[in-house]
Amino acid sequence: MTTPGGSTGSPTEHRETWPLWEVFVRAGRGLSHVHAGSLHAPDAELALRNARDLYTRRGEGTSIWVVPSDAITTSDPDSKGAFFESPAGKNYRHASYYTASEGVPHL
Amino acid sequence: MTASDLPGSGRGASVGARVVRPDGAHAPRTPRDDRRGPGDPQDRHGDVTVDEVALSAELAGGEGRAESADVAEYALWLGDDALILSQQLGAWIARAPELEEDVALGNIALDLLGHARSFLRYAGTYDGRSEDDLAYWRDEPGFRCAWLFQQPNGDFAQTIARQLTASTYLFELYTALQGSSDETLAAIAAKAVKEVEYHRDHAVQWTLRLAGGTDESRRRMVRAVGDVWPYVGELFRDEPLTDRLDGVAVRPSSLQPRFDAVIAAVFAEAAIELPAGPMSSAGGRHGSHFPALGYLLAEMQVLARQHPGVTW
């Protein structure tokens, strides 16, 4: 049997890695794109196609976004406290904190 | 394929829906069971339902039966082209340049296997053979695939060159076959054409990238196009069978202008010259085959022949 890729160079040959992309899939009309995972691809066009092959095999999507992973800035997990714990106790930020005024409809 | 899939496999199976409870337990849903609404005082857990997933029929073309030996033979041609190309692409799994490309080629192979099964099922209805009989129990001279589909995988560029020519041809073929007076062939073509359009796109994208990539990738792409080109001619050769099946089959020569136009556009963008050499006298439609086919069939058929009737 033929060996696919059998003629491709020596094992010591330098091998570049494709850049990483993050994939967002929208499941249906009216929903938002949701992060589905990541993949490698040489460029944006092929990233879209790889995303189609990897993440929409069972009819999961109607639209795909791909974003270079480099382009995403993430919050620092170590500053979780400073970032996300401050709302605790600030009940006045919730609508239910306030009592609706009498006689004001549609509130 | 399994033996249990054989006759009338166009079933619309459905996966039983399950009730998922907040405690994580899954219970099979039985009719009229657990239909209490949120207002029911007995309902302490809420009733979360999962939509039923309706699986569509695996094979296109329904339960149609081939009316004549000629129609069955034509279905065999198309089924064998798809089957052999699918088997070839399967050999890339776990060996493609990247994991993502493994999945892409595997998806394409599975699409083609679906087309092959639909065509072979239909071909077999004429003389009572199953799709498995046709795939596993015919010897080399009994196959009717064109030589292009029998060309070895070679390197990735060669596989892409074969994919480019094959899927461009198949797209034009299935587009035209949708208008066939044979309802089964038209239905199979209507399902397949959308899938083959994606295969063509995949091959075009890679042709452009390999031709416009490094010196080495370009050298390989140009060589690969030259290697597969002699086998393109056979695809567009009219045969007595296609003449007899006017209105049912697509006349092969009628597909060539569209094929040439698409390939010319891709090659122009990729700056690849159209190879000018002579075309092979390939005779796949008559059962004389490229030397590589025997090895491929041996690998494809060995399991079914060593363990007749086995399912897996």
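In what order do the elements of chain B run from the N terminus on? In this predicted model, the order is β-β-β-α-α-α-α-α-α-α-α-α-α.

## Overall organisation of chain B

Chain B contains 10 helices and 3 strands. The strands are placed ahead of the helices, as the order β-β-β-α-α-α-α-α-α-α-α-α-α from the N terminus shows.

Of the 312 residues in chain B, 40% are buried. Among the contacts in chain B with a separation of 6 or more, 75% join residues that are 24 or more positions apart.

## Nonpolar cores

The largest nonpolar core has 76 residues. The residues with the most contacts inside this core are B:Ala75, B:Phe119, B:Ala123, B:Leu148, B:Ile160 and B:Tyr174. At least two residues of the core are supplied by each of the following helices of chain B: H1 (69-90), H2 (99-124), H3 (131-136), H4 (147-150), H5 (156-177), H6 (183-211), H7 (215-228) and H10 (292-306). The largest share, 12 residues, comes from H5(B).

When residues up to four places away in sequence are not counted, B:Tyr174 touches B:Ala189, B:Ala192, B:Val193 and B:Val196. A second core, separate from the one above, has 10 residues, including A:Val23, A:Val25, A:Leu46 and A:Val66.

## Packing of H1(B) against H2(B)

The axes of H1(B) and H2(B) are 7 Å apart, and the two helices pack at an angle of about 155 degrees. Angles over 145 degrees count as roughly antiparallel, and H1(B) and H2(B) are therefore roughly antiparallel to each other. Their crossing is left-handed.

On the H1(B) side, the contact is made by B:Ala72, B:Ala75, B:Leu76, B:Leu78, B:Gly79, B:Ala82, B:Leu83, B:Leu85, B:Ser86, B:Leu89 and B:Gly90. On the H2(B) side, the contributors are B:Leu105, B:Ile108, B:Ala109, B:Leu112, B:Leu113, B:His115, B:Ala116, B:Phe119, B:Leu120, B:Tyr122 and B:Ala123. By class, the residues of this contact comprise 18 nonpolar, 4 polar and no charged. B:Ala75, B:Phe119 and B:Ala123, which take part in this contact, are also among the residues with the most contacts inside the largest nonpolar core.

## Packing of H2(B) against H6(B)

H2(B) also packs against H6(B): the axes of these helices come within 10 Å and cross at roughly 165 degrees. H2(B) and H6(B) are therefore roughly antiparallel to each other, and their crossing is left-handed.

H2(B) contributes B:Ala104, B:Ile108, B:Asp111, B:His115, B:Ser118, B:Phe119 and B:Tyr122 to the contact, while H6(B) contributes B:Thr184, B:Ile188, B:Ala192, B:Glu195, B:His199 and B:His202. This contact has 6 nonpolar, 5 polar and 2 charged residues. B:Ile108, B:His115, B:Phe119 and B:Tyr122 belong to the contact of H2(B) with H6(B), and these residues of H2(B) also belong to the contact with H1(B). B:Ala192 of H6(B) takes part in the contact with H2(B) and is also touched by B:Tyr174.

## Contact between chains A and B

The contact between the chains takes 18 residues from chain B and 17 residues from chain A. On the side of chain B that touches chain A, H2, H5, H6 and H10 each supply at least two residues. The largest share of that side, 4 residues, comes from H2(B). By class, the side of chain B has 7 nonpolar, 5 polar and 6 charged residues.

## Loop residues of chain B

B:Gly62 is placed in the loop between strand E3 (48-49) and H1 of chain B. B:Gly62 has 14 other C-beta atoms within 10 Å and is partly exposed. The C-alpha atoms of B:Gly62 and B:Asp102 are separated by 31 Å, and these residues are 40 residues apart along the chain.

B:Ala94 lies in the loop between H1 and H2 of chain B. Although B:Ala94 is not a glycine, its phi is positive, at about 75 degrees. With 9 other C-beta atoms within 10 Å, B:Ala94 is exposed. B:Ala271, in the loop between helix H9 (256-270) and H10 of chain B, has a positive phi of about 55 degrees and is likewise not a glycine. B:Ala271 is exposed, with 11 other C-beta atoms within 10 Å.

Notes: Residues numbered from 1 in each chain as written. Chains lettered and ligands numbered in written order. Predicted model: local features only at pLDDT ≥ 70, side-chain atom pairs only at ≥ 80, totals over all residues. Core = buried A, V, L, I, M, F, W, Y, C linked by C-beta atoms within 7 Å. Buried ≥ 20, exposed ≤ 12 C-beta atoms within 10 Å, placed from the backbone. Contact = placed C-beta atoms within 7 Å. Nonpolar A, V, L, I, M, F, W, Y, C, P; charged D, E, K, R; others polar. Axes fitted to C-alpha atoms, helices over the stretch in contact; angles between N-to-C directions. Parallel < 35°, antiparallel > 145°, perpendicular 65-115°, else oblique. Left-handed = near helix turned anticlockwise from the far one by under 90°.
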